[in-house]
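Could you walk me through this chain, from its overall build down to a few residues worth finding on screen? Here is a short tour.

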Amino acid sequence: MIFNNLSYHRKQFLNFNIIHDFYYTTHNKYNYSLLIDFINKCNDKKILYTKNILQFYDIKEKIFLPDRYIIGICPICKNKNQYGDNCNLCGSFYNSINLINPKSVISNSKPILRYSNNLFLSFKKFKYIINN
C-alpha cells in the first residue's frame, strides 16, 4: 500500500488532536522557545522519559542518523533504495536497524550501530492528561 504522505500524516496528526496552523522555519528563536516550553510542561507532567536505544551512527560525519538519513533494502519486500523507517513500494514500516545494507545519505558510507540516549513522550500518560 502506498500512502499519499500529506493526507496520511494530516490524518494521523488529527488522531492526536494536533492541528498545524502556523508554519515557519525549523531553526528560529520562536520554534526554540516553543520547544523549551513544551519540554518544560511535559517534564512538569512527568510524561517524558529517556531510553538508551540502538541507532545508526555515521563514523565519517560523527553523528547519529535519523531514519530519513539512511537508505537500504526493505527487509519486507527487498526493494532497494528505501528509507530507514518505511518502504515506499510495499508500504511497510520497520525499525531502521532492520534495513538491509544500510547506507548514510550524508557520507555515502555504511553506518554502525551504537547506543544513544533518546527522549520519549509517554503517549499513554499524554492521552490521559489530554482527556482529563
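Below come the overall build, then two residues, then a surface patch.

This is a predicted model, where local features need pLDDT of at least 70, side-chain atom pairs count only at pLDDT 80 or more, and totals for chains, interfaces and linings use all residues. Residues are numbered from 1 along each chain as its sequence is written, and side-chain values use heavy atoms, leaving out hydrogens and water.

The chain holds three helices and six strands (DSSP runs: H or I of at least four residues for helices, E of at least two for strands, numbered from the N terminus). Along the sequence they run α-α-β-β-β-β-β-β-α. Of the contacts (heavy atoms within 4.5 Å) between residues at least 6 apart in sequence, 59% join residues at least 24 apart. About 10,200 Å² of the chain is exposed, with 56% supplied by carbon and sulfur atoms (Shrake-Rupley method, 1.4 Å probe; for residues, only the protein chains shown count as cover). Of the 132 residues, 24% count as buried (under 20% relative accessible area; exposed is over 50%, partly exposed in between).

Two residues to look up:

| Residue | Location | Relative accessibility |
|---|---|---|
| Asn28 | loop between α1 (5-15) and α2 (29-44) | 13%, buried |
| Phe123 | helix α3 (residues 123-131) | 47%, partly exposed |

From its loop, the Asn28 side chain reaches the backbone nitrogen of Asn31 at 2.7 Å.

Phe123 joins Phe13, Phe16 and Ile18 in a nonpolar surface patch of about 360 Å² (residues with over 30% relative accessible area and no salt bridge, nonpolar side chains being joined within 5 Å and like charges within 9 Å; a salt bridge is a Lys or Arg side-chain nitrogen within 4 Å of an Asp or Glu carboxyl oxygen).

Methods: Buried < 20%, exposed > 50% of the residue type's maximum accessible area, 1.4 Å probe, protein only. Polar contact = N/O pair within 3.5 Å; in protein donor to acceptor, adjacent residues only side chain to side chain.
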